[in-house]
Each structure stands twice: as structure tokens, then as C-alpha cells.
Amino acid sequence: MTTIHPARITKVLPESIAAEIGFEVGDAIVSINGTQPRDLIDYQFLCADEVLELEVLDTAGKTHHIEIEKDYDDDLGLEFETALFDGLIQCNNRCPFCFIDQQPPGKRSSLYLKDDDYRLSFLYGSYLTLTNLTEREWQRIENMRLSPLYVSVHATEPDVRIRLLKNPRAGQILQQIKWFKKRRLQIHAQVVVCPGINDGVHLEQTLRDLASFHTGEVPAVASVAVVPVGLTRFRPQEDELTPVTREKAREVISQVRSLQQEFQKKQRSCVWLADEWFLIAGEELPTEAEYKDYPQIDNGVGSIRLFLKQFAETANKLLPPKVQPRKLTWIVGNAVEQAFQPILKQLNSVEGLEVKMCALSSDYWGQNITVTGLLTGHDLLLKLQGQDLGDGILLPSVMLKHAELVFLDDISVEDVACKLDTKIFPVAGVEEFIQKCINPLNGDKS
């Protein structure tokens with residue numbers, strides 16, 4: 001049995017029920033109405049009651065029993081240090097393309113945790129393989145209607161999927177999708193294409209199988225993202241993987257677009273290509289209309305087109321004709337260098353504003369073509385030393401670890417700013433990006 005730890009509080013929202021009662025950061029919830037919550041899902045479910053009896057452990061280790069009366073949909077206003085109070089369900093596969101195994105040794109231990117947890121999939125949209133679920137967990141997914149989940153399918157042919165995941169349980173994927181269909185539950189699927197293994201006829205079979213579940217009012221397969229395998233110089237040499245070439249990218253684009261047209265005629269439009277295919281192929285991105293409601297945006301499907309659209313709309317509202325003179329360096333991955341030229345042109349049309357784009361590949365990962373989110377502190381220090389960076393660097397926050405000013409290689413933003421002797425302005429989203437371009441500057445510099 002796993003151990004359930006008290007849910008440690010990291011934030012009490014102002015003017016919330018919890019703030020009124022006197023909850024403090026560091027307190028921990030042991031139980032709600034006599035039940036220990038395993039995770040954030042249990043916590044949210046248990047807190048839906050109108051009368052709550054909480055057992056709480058304060059920072060001094062003293063136990064308190066608190067009764068709360070509230071409306072059914074009122075939130076207590078608490079945030080926790082983790083969404084999982086009983087620990088992470090780890091991965092039991094050995095996928096050769098796993099990014100965890102393509103990192104250098106010696107970094108902090110949290111970087112090497114392989115999560116394959118259906119709860120994180122439900123809460124945050126992270127991908128899982130369904131190979132490690134016990135009967136108890138399947139029952140919980142059904143009883144609590146935990147849908148949609150995000151599933152790494154990669155291949156539907158049992159032998160191909162077993163080869164990819166190196167797990168004999170991986171061959172059950174079609175039966176598992178049928179399980180979702182029978183219960184009117186949904187998945188969003190991803191297929192990471194590994195040339196020579198699950199491409200060609202295998203990719204066609206996979207997409208046909210998945211599209212066959214995109215039927216009815218509640219399709220079991222809500223969407224499918226086709227993504228190119230990403231490789232780094234740290235990957236195991238015996239992994240039998242080959243990188244996606246420009247020719248391969250063009251081949252996959254042609255193949256998938258042909259299938260998309262076929263599926264569209266049968267009202268089964270559910271398959272999308274990740275933006276990376278078009279960047280690698282050097283081809284034009286699909287139009288905005290092709291992405292519908294962006295069901296796979298977090299998987300890089302339509303994220304560039306959406307960013308361009310949001311920038312144009314926000315820039316029209318916020319960009320002034322003139323600003324106090326300033327010169328800024330905007331860091332992006334070289335994969336998006338051409339796609340973002342319209343943004344660069346519009347920014348530099350503002351009198352007094354000079355934005356220089358630095359489109360970098362990653363020496364750290366050993367990649368010739370790199371998306372922005374994989375650039376590291378090492379890459380910035382290597383490529384920007386001695387350059388005129390102007391008044392500072394505009395740094396997309398996708399390059400940083402969640403809620404931390406630290407790059408993927410464990411180098412801090414502060415350290416990079418100090419070594420480059422410049423200010424660094426982390427920016428998240430279009431509006432913050434534009435505001436940082438036009439408003440008075442302040443940022444990280446030692």
C-alpha cells in the first residue's frame with residue numbers, strides 16, 4: 001500500500017474561506033469528512049460537500065478539527081505543494097525516445113522521475129501510456145469520470161507498440177480504447193513518429209485505428225497529435241532511433257494530409273500534425289482554420305499560428321507609435337525564426353523600439369533545429385557572450401522550469417544575467433511580451 005501524506009499547503013488565497021478561518025502556509029490537511037485525500041482529485045471531490053469536517057496539522061505538529069459550512073461550489077482557496085499526496089505513479093516502460101533518458105547525468109533527482117500517472121494526465125494534460133494501471137485505478141477512472149485523459153499511443157499494432165515501449169502490456173492499447181468507448185470516456189492521443197519503426201504503413205494503420213474511435217456524441221478518441229521524435233546527444237547509442245530529416249518530415253506531412261482529407265469526408269476530422277513537422281520540412285504552417293479549437297495546443301499543434309494571431313490582435317491594441325528609445329534582444333529557438341518574422345517587423349515599426357531576434361540552436365542537447373522551450377542557460381552563455389544585447393534579453397518563460405527562474409540544465413536566470421552582464425526579462429504570453437517591449441524596463445541582473 002502506498003503512504004498518503006497530509007496535503008501540505010503552500011498558498012492561502014486572500015479573502016478566501018481558508019483565509020477567513022486562519023489557515024497558514026505550512027499547515028497540512030490530514031482528512032476531509034474522515035477520508036484521507038490521495039491527491040488533488042480526491043480533495044476537490046471531497047470539498048464539494050456543503051459541510052466539511054477537516055483534520056488539520058499545523059506547522060507546530062498540533063492537530064486541529066475544523067468544521068466548515070459553505071455553498072456546494074465554493075472553493076476553500078488553498079494550493080498545495082504537490083497534486084499527489086500519495087506519491088507519483090512512475091513509468092514502467094523503457095521507450096527509447098523518452099526525454100528523461102536523453103538528459104545528462106548529475107542533475108537534480110526530480111529531473112529523472114518518469115511519471116506515468118493518470119491523475120496528472122487528468123489534471124494537467126500530461127501524457128501516460130496506460131501500461132501500469134491496476135484494476136483499482138481503472139475502477140477509479142470509471143467511478144470518478146476522469147475524462148479526458150491524454151494517452152501516448154505511438155502505435156496500435158501490438159508488436160510495434162511493444163517494441164517501442166519495451167513492455168509486453170503495451171499491446172493492449174486497442175482493448176483499452178474500447179474500454180473508454182464503452183464507458184463514454186475520452187482520450188486525446190499522441191503518436192511520436194520514430195522513422196523506421198512506427199512510420200509508413202504502421203503510421204497509417206495507427207491513424208486509421210484511432211480515427212475509427214472518433215464517432216458518436218462522445219468520441220472515445222477526441223483528437224490525435226502526430227509528433228516527430230526529438231533526440232538529444234545524450235541518448236543511449238543502442239536506442240535504434242534515427243532523427244527526422246527534412247525529407248522524412250515532408251513525407252509524413254503528405255501522408256497525414258492525405259488521410260486527413262479522407263477522414264474529413266467521413267466526419268472523422270481528429271488528426272493533427274505538430275508544428276514541428278512544418279518547421280523541419282521548411283513548409284508553410286497550416287492556416288488558422290485548420291486547427292479548429294486547438295485541441296492539442298499543448299502538444300505543439302497550432303501553437304505558432306495561435307501565437308501569431310494573438311500577437312497581431314494584442315499588438316493592434318497595445319503597441320504605441322513611439323516609445324522611449326530602447327534596444328532589446330529576443331531569444332527564440334531557430335525552428336521558429338522564419339515564422340516569427342512578422343512579429344519582429346511589427347515591433348520594429350514602433351519608433352524608438354529596436355528588437356533583435358537571436359534564433360538559436362541547442363549545443364547543449366546537440367540539435368541543429370531547436371524549439372524555443374528546449375534552449376538552456378548553457379546555450380545562451382555559449383552563443384551570446386560578447387554580443388551587444390542592448391538593454392536586456394526578452395526570455396520566453398517556456399525555457400524555464402515551471403514556476404522557477406531556472407533553465408532545463410539547472411543554470412539559473414540570475415547566473416546567466418550575471419555572466420552576460422545584462423538584464424533578463426522572462427515573459428509569459430503575448431501581452432506580457434509586448435508590455436515588456438514598451439514599458440519601463442527592470443529585470444534580473446547581478
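**Strands 11 and 12.** I began with Gly333 in this predicted model, and found that its bridge partner in strand 12 is Leu360. I then followed the pairing along both strands: strand 11, residues 322-333, and strand 12, residues 351-360, run parallel and are joined by 9 bridges. Tracing the connection, I saw the chain cross from strand 11 through helix 11 to strand 12, a β-α-β crossover that is right-handed.

**The open sheet.** I next looked up the sheet of 5 strands, which is open, has the order 6-7-8-9-10 and is paired in parallel. Its edges are strand 6 (127-128) and strand 10 (271-273), each of which pairs on one side only. Within this sheet I checked strand 8, residues 187-193, against strand 9, residues 221-228, and noted 7 bridges between these parallel strands. One residue I picked out there was Val191, whose bridge partner in strand 9 is Val226.

**Helix 10.** I asked how far apart the end C-alpha atoms of helix 10 are. They lie 21 Å apart, and because 16 residues (303-318) at 1.5 Å a residue should span 22 Å, the two values agree. Going through the side chains, I listed Ile304, Leu306, Leu308, Phe311, Thr314 and Ala315 as buried. I kept in mind that residues three or four places apart in an α-helix point the same way, because there are 3.6 residues a turn. The cover over the buried residues of helix 10 includes helix 9 (275-281), helix 11 (341-347) and helix 14 (429-438).

**Between helix 4 and strand 7.** I placed Met144 in the loop that runs from helix 4 (135-143) to strand 7 (149-152). Its relative accessible area is 24%, so I entered Met144 as partly exposed, the buried class being under 20%. Setting aside neighbours within four places in sequence, I found Met144 in contact with Ile41, Asp42 and Phe45. I also took the C-alpha separation of Met144 and Leu88, which are 56 residues apart along the chain, and obtained 19 Å. Pro148 is found in the loop between helix 4 and strand 7 as well, and the peptide bond that joins Ser147 to Pro148 is cis, with omega at about 0 degrees.

**Positive phi.** I looked at two residues that have a positive phi although neither is a glycine: Gln267, at about 60 degrees, and Asp421, at about 55 degrees. Gln267 sits in the loop between helix 8 (246-265) and strand 10, and with a relative accessible area of 66% it is exposed. Asp421 belongs to the loop between helix 13 (413-420) and strand 14 (424-427), and at 53% relative accessible area Asp421 is exposed too.

**Cysteines.** How many disulfides does a search of the whole structure find? The search returned 0. For Cys418 I noted why: the closest cysteine sulfur, in Cys358, is 20 Å from its own, too far for a bond. Cys418 has 41% relative accessibility and therefore counts as partly exposed, whereas Cys270, at 1%, counts as buried.

**Confidence.** I ended with the pLDDT, which averages 89 over the protein chain, with 91% of the residues scoring at least 70. Over residues 109-113 the pLDDT is below 50, although this stretch has 14 contacts in the model beyond near neighbours in sequence. Where pLDDT is low, the predicted coordinates should not be read in detail.

Definitions and conventions:
Residues are numbered from 1 along each chain as its sequence is written. This is a predicted model: local features need pLDDT of at least 70, side-chain atom pairs count only at pLDDT 80 or more; totals for chains, interfaces and linings use all residues. Side-chain values use heavy atoms; hydrogens and water are left out. Helices (H or I, at least four residues) and strands (E, at least two) are DSSP runs, numbered from the N terminus. The expected span of a helix is 1.5 Å times one less than its number of residues. Buried means under 20% relative accessible area, exposed over 50%, partly exposed in between (1.4 Å probe, protein chains only). Contact means heavy atoms within 4.5 Å. Two strands pair if DSSP finds at least two bridges between them. pLDDT is the predictor's confidence in each residue, from 0 to 100. A crossover is right-handed if, with the strands pointing away from the viewer, the path from the first strand over the helix to the second runs clockwise. A disulfide is a pair of cysteine sulfur atoms within 2.5 Å.
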